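Me: I should like to work through a protein model step by step. Please reason through each point before giving the value or name that I ask for.

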Amino acid sequence: MRLGELAAAGFGTAAVDLSDSAAVEELVARHSDIVLISGGDPNRLAQHESVIKAAKNANARHAEALAIVVTTAGHDNVTYSLSGDTDFTYADIAEAMSVVLEREVAYQPVTAEELRGALINSGMGGGLAAFLAGLDETIAAGVFARVGDDLSRLLGRPTTGLVEGLTAK
């Protein structure tokens with residue numbers, strides 16, 4: 001996807017010359033969540049180091065595993081599955097929200113058809129509503145559940161739990 005397509009999809013985007021360290025620092029300082037997408041520039045390594053340095057200086061909250069991978073040896077031709085140490089369900093999310101909000105939050109499952117109808121009634125197009133309802137059904141069935149220890153091994157610590165993640169600033 002190009003930046004325009006990402007922006008149209010609701011993502012915050014920015015284009016910056018990665019060789020301009022000052023511009024990189026200024027951009028990263030304004031954003032706590034960053035993903036670096038680079039091209040094939042011959043100075044790519046120096047550019048990536050500049051972005052990582054800027055993210056570290058700005059106390060960026062994410063891209064930690066990525067920073068470890070690009071700044072340490074032994075990761076060539078390795079694919080990591082970056083998931084949490086623990087899988088969780090929608091009911092687990094409701095329970096964590098109860099703790100964070102200090103009031104009862106209940107998970108009320110709905111069928112895919114009920115969700116699709118609610119989304120359409122809220123103004124969403126039928127195709128997108130059907131897609132999201134199907135995706136929700138797939139998530140609830142655990143198809144995307146993938147617990148592994150790649151992330152915690154890279155970080156050298158356990159991954160963030162639900163309540164911790166919901167209360168982190």
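Reply: The model is predicted. Let us begin with one tyrosine: Y90 has a relative accessibility of 25%. Buried residues lie under 20% and exposed ones over 50%, so Y90 at 25% counts as partly exposed.

Me: Which class does Y107 belong to: buried, partly exposed or exposed?

Reply: The relative accessible area of Y107 is 35%. Since the class between 20% and 50% is called partly exposed, Y107 is partly exposed.

Me: How many aromatic pairs does a search of the whole structure find, and is the pair stacked, tilted or edge-to-face?

Reply: The search finds one aromatic pair. The ring centres of Y90 and Y107 are 5.5 Å apart, and their planes stand at 40 degrees. Planes under 30 degrees apart would count as stacked and over 60 as edge-to-face, so the pair of Y90 and Y107 is tilted.

Me: Which parts of the chain does this pair link, and how many residues apart are its members?

Reply: Y90 belongs to helix α5, while Y107 is in the loop between α5 and α6. The pair thus links distant parts of the chain, its members being 17 residues apart.

Me: Why do the buried residues of α2 line one face of the helix?

Reply: Helix α2 covers residues 21-29, and V24, L27 and V28 are buried there. An α-helix has 3.6 residues a turn, so residues three or four places apart point the same way. Seen down the axis of α2, the buried residues fall within an arc of 95 degrees, so they line one face. On the other side of α2, the exposed residues are A22 and A29.

Me: What do the buried residues of α2 pack against, and is α2 oblique or roughly parallel to that partner?

Reply: The buried residues of α2 pack against α3, residues 44-57. The two helices have their axes 9 Å apart and pack at an angle of about 40 degrees. Angles under 35 degrees would count as roughly parallel, so α2 is oblique to α3.

Me: Which residues of α2 make the contact with α3?

Reply: On the α3 side, the contact involves S50, V51, K53, A54, A55 and N57. From α2, the residues are S21, V24, E25 and V28.

Me: Where is N77, and what is its phi?

Reply: N77 is in the loop between α4 and α5. With a relative accessible area of 84%, N77 is exposed. Its phi is positive in a residue other than glycine, near 60 degrees.

Notes: Residues numbered from 1 in each chain as written. Predicted model: local features only at pLDDT ≥ 70, side-chain atom pairs only at ≥ 80, totals over all residues. Heavy atoms only, no water. Helix = DSSP H or I, 4+ residues; strand = E, 2+ residues; numbered from the N terminus. Buried < 20%, exposed > 50% of the residue type's maximum accessible area, 1.4 Å probe, protein only. Arc of directions from axis to C-beta. Contact = heavy atoms within 4.5 Å. Phe/Tyr/Trp six-rings, centres within 6.5 Å; stacked < 30°, edge-to-face > 60°. Axes fitted to C-alpha atoms, helices over the stretch in contact; angles between N-to-C directions. Parallel < 35°, antiparallel > 145°, perpendicular 65-115°, else oblique.
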